[in-house]
Amino acid sequence: PSTRSVTGSALVDRTAERPTVRGTIVSLIGHRELVKNLVLKDLKLKYRGSVLGFLWSLANPLLMIAVYTAAFHYILRITTHGFVFYVMLGVLAWTFFVNSVTMSTGAIVDNGGLVKSVFFPRAILPVASVLFNFAQYVLTLLVFVPLMMIIYRVPPSFEMLLYPVFLALQLLFTIGMALLIATGTVFFRDVRHFLEIALAALFWLTPIVYQFNQVPERFRWMVLMGPMSPFIVAYQKIFFY
């Protein structure tokens, strides 16, 4: 059914308006307060009633560092210096991407009542999901990166200034994927189930728990075709290599 609003005495059929990328971006900027409120609402709901609050978002990577150190260093006997740092760079970036696209599958279809009752840019819903996960990702990075650089004695370098650039590109890419997946789920509910299988396979096709230079050259193009591989390889080159 079309969404209609009254302007004076005329009815405006919103479905007759053909959306454009520029128009969507302008509309998102115009509704930036709504985006901010949705992100803050999700953050507050996640930690509501919790004693430690946002500190829980930092506890997870600290626990992962301890577990990976025990697993790779003492059990698998991997002697590569800073390998846990290498793995965590990929795991955190991958987790942000996976959580964002997974939440975006229900961003529109699970808010049917809101979508039908109020007119606003539908793109706001998946974008807010991505920004919610991005906020947690950044909070984690603010603790994780300095801590790991101290533990493994990684000196600051000029190349590290490129990190925010790739981080911004990853954010834009993730928003694009979230919009695509959220739209697809509206028409095909199978997208949710396909995504679960695809992400499980893509994890092992992404150089997270193995080094990219270990992949035979003739297969490296396949690895780089993964949605997150270029970003993760860039992070590893900036901090690990």
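**View 1. T206 in the loop between α8 (190–204) and α9 (220–224) of the predicted model**. T206 has a relative accessibility of 0% and therefore counts as buried, the limit being under 20%. A polar atom of the T206 side chain lies 2.6 Å from the backbone oxygen of L202. When residues up to four places away in sequence are set aside, T206 touches W94, M228, S229 and I232.

**View 2. A nonpolar patch on the surface, formed by L62, L139, L142 and V143**. Together these residues have about 320 Å² of accessible area. Helix α6 (residues 124–151) contributes three residues, the largest share of the patch.

**View 3. L62, a member of the nonpolar patch, in helix α3 (residues 56–75)**. The relative accessible area of L62 is 40%. L62 is therefore classed as partly exposed, since this value lies between the limits of 20% for buried and 50% for exposed residues. The partners of L62 in the patch are L139, L142 and V143.

**View 4. The chain as a whole, for orientation among the close-up views.** The chain contains ten helices and two strands, arranged along the sequence in the pattern β-β-α-α-α-α-α-α-α-α-α-α. Of its 241 residues, 40% count as buried. The chain exposes about 14500 Å², of which carbon and sulfur atoms supply 69%. Among contacts in the chain with a separation of 6 or more, 73% are between residues 24 or more positions apart.

Notes. Residues are numbered from 1 along each chain as its sequence is written. This is a predicted model: local features need pLDDT of at least 70, side-chain atom pairs count only at pLDDT 80 or more; totals for chains, interfaces and linings use all residues. Side-chain values use heavy atoms; hydrogens and water are left out. Patches are made of residues with over 30% relative accessible area and no salt bridge: like charges are joined within 9 Å, nonpolar side chains (Val, Leu, Ile, Met, Phe, Trp, Tyr) within 5 Å. Accessible areas come from the Shrake-Rupley method with a 1.4 Å probe; for residues, only the protein chains shown count as cover. A salt bridge is a side-chain nitrogen of Lys or Arg within 4 Å of a carboxyl oxygen of Asp or Glu. Helices (H or I, at least four residues) and strands (E, at least two) are DSSP runs, numbered from the N terminus. Buried means under 20% relative accessible area, exposed over 50%, partly exposed in between (1.4 Å probe, protein chains only). A polar contact is a pair of N or O atoms within 3.5 Å; within protein, one must be able to donate a hydrogen and the other to accept it, and residues adjacent in sequence count only if both atoms are side-chain atoms. Contact means heavy atoms within 4.5 Å.
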